[in-house]
Amino acid sequence: SVIHKSIISKTLNTDIQAEAKRINVPTLIINGNADHETPLWMAQTLNNEIAKSTLDIIKTGDHWIHQKHAATVAGIIKIFLS
């Protein structure tokens, strides 16, 4: 739909790195080291910009880690929240 395309376009064209510096709460970043859509360097950059962030990297994880590695992702989130 037109609305969906507009949202995707705005999301992809937003510089989140500048906004990331303003985040001042514990933040969990999970990324796969085989993610070609959101490469690991992007997660590492956000991790460097967000003062209270934690980066967990799932080896062999691609862009669909939330589906293909659901149990691992859930475990990481559970530990982070405890």
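Of the 82 residues in this protein chain, 20% count as buried, where buried means under 20% relative accessible area, exposed means over 50%, and partly exposed is in between, using a 1.4 Å probe and protein chains only. Keep in mind that this is a predicted model, in which local features need pLDDT of at least 70 and side-chain atom pairs count only at pLDDT 80 or more, while totals for chains, interfaces and linings use all residues. Residues are numbered from 1 along each chain as its sequence is written, and side-chain values use heavy atoms, with hydrogens and water left out.

**The overall layout**

Let's start with the big picture. The protein chain has five helices and two strands, and from the N terminus on they come in the order α-α-β-α-β-α-α. Here helices (H or I, at least four residues) and strands (E, at least two) are DSSP runs, numbered from the N terminus. The C-alpha trace spans about 40 × 30 × 20 Å along its principal axes.

How much of the contacts with a separation of 6 or more comes from residues 24 or more positions apart? These residues account for 65% of them, a contact being heavy atoms within 4.5 Å. On the outside, the accessible surface comes to about 6200 Å², and 60% of that belongs to carbon and sulfur atoms; such areas come from the Shrake-Rupley method with a 1.4 Å probe, and for residues only the protein chains shown count as cover.

**Two residues to look at**

Find N31 in strand β1, which covers residues 27-32. With a relative accessible area of 5%, N31 is buried. Leaving aside residues up to four places away in sequence, N31 touches T38, P39, L40, A43, L55, D56, I57, I58 and I65. With T38 there is also a link to the backbone: the side chain of N31 reaches the backbone oxygen of T38 at 3.3 Å.

Now hop over to T60, in the loop between β2 (53-58) and α4 (65-68). Is T60 buried or exposed? T60 counts as exposed, at 62% relative accessibility. The phi angle of T60 is near 65°, a positive value in a residue other than glycine.

**Charges and salt bridges**

The chain carries 8 positive and 7 negative side chains, and the centres of the two sets lie 5 Å apart. In this count Lys and Arg are positive and Asp and Glu are negative, with His and the chain ends not counted. Side chains of opposite charge can pair when their charged atoms come close. How many salt bridges does the structure hold? There are three, a salt bridge being a side-chain nitrogen of Lys or Arg within 4 Å of a carboxyl oxygen of Asp or Glu.

| Salt bridge | Closest N and O atoms |
|---|---|
| R22 with E19 | 2.9 Å |
| E49 with K21 | 3.8 Å |
| K68 with D62 | 2.6 Å |

The E49 and K21 pair, with its closest N and O atoms 3.8 Å apart, links distant parts of the chain: E49 sits in helix α3 (residues 40-49) and K21 in the loop between α2 (16-20) and β1, 28 residues apart. K21 counts as exposed, at 56% relative accessibility.

What about the other two pairs? R22 is exposed, with a relative accessible area of 65%, whereas its partner E19 counts as partly exposed at 43%. K68 is exposed too, with a relative accessible area of 54%, while D62 counts as partly exposed at 21%.

Conventions:
Polar contact = N/O pair within 3.5 Å; in protein donor to acceptor, adjacent residues only side chain to side chain. Charge placed at Lys NZ, Arg CZ, Asp CG, Glu CD.
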